[in-house]
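Some notes on the model follow, as numbered points. Please read them with the coordinates open.

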Amino acid sequence: MIKLLGSSSFTYSKSRSDENQDCILPFKRVDDGFIIAVADGVGGYEGGLDASSLAISQLEKVNFPLNHSDVDNFFHGLKKRLKELSQSNSIFYSAATTLTFCYIGKKGLVIGHCGDSRLYIKVGNKLKQITKDQTQHQILIDKGLYTSRQLRNLMGGNVLTNAISAKLDLEYQVIEIPTENLPLQDGDINIFIMSDGAHYHWEERPRFSEKTMDNPAKFAASLQKRIETKGPHDDFSLVCFKVHYKQ
């Protein structure tokens, strides 16, 4: 049995005059587990919000535990739905969104990822990034040309190489972590999904106090305060929760 101990979330536009193209799924109970998600509509193209809203609305329809093949089917089904909508509404032809989501159940954690939002798991008093950004900067890092620290303040960090769209080839990441390999602490685990507008500020100084790191509500409030104090450079969203595996 998995028990929800705490959850928190936010999603805001970078300014009051701009449309927030992020959409979130704070949490959804499915069978013995939970689903959370962040979708970030790709800016610069019409329909970013339409695409991210569609991604979350399709996830909200999921009513069974997810495995690897289910995640495959979901991504392909979402792309197919965007294609269908583009035939009757031109907005959906160029509309694109990133999407990072996970299902945690009795068998473990299953992650679906496309784009540059990030899923983290708390390990000790740090957050371990589990997903890999699909960006130009990540390509340079993978080739060993630069480190992430060297690229942090250079342009191009938010230039995507993949997103979900009717007209783009579909590339995504599926990660499975069985329960026995999860970094449980007394049966508890904390999971975080951040859009790029949120993790940009988190990575500036990736730490809070131990009590804040272990409490979803305190973590969300502290990160939101940091972003608003520093000044957001993009829409920013966070979904986080803490669950307990009960024998």
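1. Contact here means heavy atoms within 4.5 Å. Leaving aside neighbours within four places in sequence, D234 is in contact with K14, D196 and G197. The model is predicted, with local features needing pLDDT of at least 70 and side-chain atom pairs counting only at pLDDT 80 or more, while totals for chains, interfaces and linings use all residues. Residues are numbered from 1 along each chain as its sequence is written, and side-chain values use heavy atoms, without hydrogens and water.

2. D234 sits in the loop between α8 (216-230) and β11 (236-245); helices (H or I, at least four residues) and strands (E, at least two) are DSSP runs numbered from the N terminus. D234 is buried (under 20% relative accessible area, 1.4 Å probe, protein chains only). D234 has no salt bridge, that is, no Lys or Arg side-chain nitrogen within 4 Å of its carboxyl oxygens. The nearest side chain of opposite charge (Lys and Arg positive, Asp and Glu negative; His and chain ends not counted) is K14, 5.3 Å away.

3. The largest nonpolar core (buried Ala, Val, Leu, Ile, Met, Phe, Trp, Tyr and Cys joined through side-chain atoms within 4.5 Å) has 30 residues, and I35, L59, F75, L99, F101 and I164 touch the most other members. α2 gives the largest share, six residues. A second, separate core of 22 residues includes L119, I121, V239 and Y245.

4. Beyond four places in sequence, the residues that I164 touches include F75, L82, L99 and C114. C114 counts as buried because its relative accessibility is 0%.

5. There are zero disulfides (cysteine sulfur pairs within 2.5 Å).

Technical notes. Buried < 20%, exposed > 50% of the residue type's maximum accessible area, 1.4 Å probe, protein only.
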